[in-house]
Structures are given as structure tokens and as C-alpha cells.
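This briefing goes through a protein structure topic by topic. Please look at the sequence and the 3D view before reading the points below.

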Amino acid sequence: MKRILSPIVWGNCLGIVVCTVLLIMGVKWGLDRYTHHGEEIEVPNVTHKMSHDAIAQLENEGLTGVVADSSFNRTLPAGVVLEQRPQAGAHVKTGREVMLTINSHNAPTMKLPDILGNSSTREAQDRLRQLGFKIGETQYVAGDKDWVYGMLANGRTVYNGEKVAIGSTITLQVGRGYTETDTLETEEEVYDYE
């Protein structure tokens, strides 16, 4: 009993308690500092700004701007921020990454469907519109009436399966039906629709 009540044992027990308390307080202080506990800054609105300007503004606010994705909007210039996550006005900690979606430099492309020599004018126009293409003024060539013989994308000849920018204007070259004068004309001759 004398050994248990000795000052050395009580001193060691007190030392263990003090060290444990100091260790817990040190860990808590370190975690608060590492996780920025209690700090909040408001995310600024960087949409419709050029990506390099948006990233610079975020860095000035203590945040990190990261270009995470791209999309295409033909009404806005290339490189402009279309969307940000977290949204403007959100409260986050210092150093938080803000994911930016920027406007792509190029329109997305899509393969042209199999319509040359394989579909009527109406069917071809419907398929092209469903894919996001615009339909230009029809051109007529010698051939079966309302049958598609050729395509032009923004004035350039294109073929089935060729990749073309979505939103391009597609001009269909369609047969006008045979007439008596067609014996003197070749099928390659193209006539603008009047």
C-alpha cells in the first residue's frame, strides 16, 4: 500500500494525464489548422468570364480553379466559363477546388447518317434535323424525283458516315424527276432550286 501511495507513482500518473491532455489538444489544434475549421469564404461568380481570368479571380479569393469539363455554346466565345461547381455564393473553406466547365473551341461532330441513294427527301431531312443539323435550300439534279443523290455541308461535298459539326447547314441534292431534255444532261449536273 505504501508503494501505491508513494509520490513517485502519483507523479507518474499525473505526468501521464498531463501528456495525454497535451497530446489531445495538439492533435485538435493541428486538425483545425489542417482542415481550416471555422473558416468560410464565399465563392465568387465566375461564369461568362474567360477561363484564365476566372482562375486568377478564384486564386485571389484563396480558392483553386480547375477546368474539369467543356461543352459547346455557339453564342458565347471559346474559353468562357459556362458553369461552376460549387455555385456562386456557396460558403467553402480556403483552398477548395472550384470545378469549371468551359466553352469548347470546336463544335461537337457527328457522323452523317446513311441517306445518300438510300432515302427520300423528306426522310433525309427528318433524320438530319433529329441529329441537330440545319437544312439548307434544296438543289435539284437529274434523277428519280425526291430521291437524295448528294449532300453539301456548308458548301462542301460530304458523304455518308463523314463527321460534320453539329449545327452545320446541310444542302441536299435531290432528283427532280426525268424530263425529255434529261437525255442530253449528265447526272452530275446540279441545278439550283428556283
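A search of the whole structure, which is a predicted model, finds 0 disulfides. A disulfide is a covalent bond between the sulfur atoms of two cysteines. The points below start with two cysteines, then turn to the nonpolar cores and one buried threonine.

**Cysteines**
- The closest cysteine sulfur to that of cysteine 13 is in cysteine 19, 12 Å away, which is too far for a bond, because a disulfide needs the two sulfur atoms within 2.5 Å.
- Cysteine 19 is likewise in no disulfide.
- Cysteine 13 is partly exposed, at a relative accessible area of 37%.
- Cysteine 19 counts as exposed, at 51% relative accessibility.

**Nonpolar cores**
- The largest nonpolar core has 14 residues.
- Leu112, Leu128, Met151, Val164, Ile170 and Leu172 have the most contacts inside this core.
- At least two residues of the core come from each of helix 3 (121-130), strand 9 (148-153) and strand 12 (169-175).
- Leaving aside residues up to four places away in sequence, leucine 128 touches Leu112, Pro113, Ile115, Phe133, Ile135, Ile170 and Leu172.
- A second, separate core has 10 residues, among them Leu58, Val81, Val92 and Ile102.

**Threonine 101**
- Strand 5 (residues 97-103) contains threonine 101.
- Threonine 101 has a relative accessible area of 8% and is therefore buried, since buried means under 20%.
- Beyond residues up to four places away in sequence, threonine 101 touches Asp69, Ser70, Ser71, Val80, Val81, Leu82, Glu83 and Arg85.

Key
Residues numbered from 1 in each chain as written. Predicted model: local features only at pLDDT ≥ 70, side-chain atom pairs only at ≥ 80, totals over all residues. Heavy atoms only, no water. Core = buried A, V, L, I, M, F, W, Y, C linked by side-chain atoms within 4.5 Å. Buried < 20%, exposed > 50% of the residue type's maximum accessible area, 1.4 Å probe, protein only. Helix = DSSP H or I, 4+ residues; strand = E, 2+ residues; numbered from the N terminus. Contact = heavy atoms within 4.5 Å.
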